[in-house]
Amino acid sequence: MPTLTKLYSMEEASQHNTNGDCWVVIDGKVYDVSTYLDEHPGGDDVIIAATGKDATDDFEDAGHSKTARELMETFCIGELDPTSPAIPELEICSKKQPSEITQKLKDLIKQYWAVPVAAASVSVVVGFLYLRRK
């Protein structure tokens, strides 16, 4: 009798992204590596950075040994659901009107542009006069 494989979506796998609960997706398989983070030779931050995406390329680029690949299989908890989106859908926000604070800041800049220009001009004149006396 074949064993049933649990299917996970990429969105579900990406929610497990902390030191105490960390899943990675490599070659279409989902691995719970939470208990291995402290032992990983590259550090836990490398693995945590690989959550929420397909980490196959990162895993292959690191040049893992045969022993590492065998060890990895002990952490396999299921497979990636091929029918789920590869990347969780992101909410697309429309460009909003500038906030009240942003609008007030823009108005102040337009109204008082002469203050920094005047300060710079006075500095240039004072510098010129100072150099002329010497």
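Which residues form a negative surface patch? They are D27, D54, D57 and D61, and we will come back to them after a look at the whole chain.

This is a predicted model, where local features need pLDDT of at least 70, side-chain atom pairs count only at pLDDT 80 or more, and totals for chains, interfaces and linings use all residues. Residues are numbered from 1 along each chain as its sequence is written, and side-chain values use heavy atoms, leaving out hydrogens and water.

The chain has six helices and five strands, taken as DSSP runs (H or I, at least four residues, for helices; E, at least two, for strands) and numbered from the N terminus. Of its 134 residues, 21% count as buried, meaning under 20% relative accessible area with a 1.4 Å probe and protein chains only, while exposed is over 50% and partly exposed in between.

Back to the patch: its members have over 30% relative accessible area and no salt bridge, with like charges joined within 9 Å. Asp and Glu count as negative. D54 sits in the loop between α2 (44–49) and α3 (56–61) and is partly exposed at 45%.

Four salt bridges are counted, each a side-chain nitrogen of Lys or Arg within 4 Å of a carboxyl oxygen of Asp or Glu. One of them pairs E73 with K29, at 3.5 Å between the closest N and O atoms. This pair links distant parts of the chain, helix α4 and strand β4, 44 residues apart. Another joins D58 and K53 at 3.0 Å.

Finally, none of the 20 residues of α6 is buried, so this helix lies largely in the open.

Conventions: Patches are made of residues with over 30% relative accessible area and no salt bridge: like charges are joined within 9 Å, nonpolar side chains (Val, Leu, Ile, Met, Phe, Trp, Tyr) within 5 Å. Accessible areas come from the Shrake-Rupley method with a 1.4 Å probe; for residues, only the protein chains shown count as cover. The place of a charge is taken as NZ of Lys, CZ of Arg, CG of Asp or CD of Glu.
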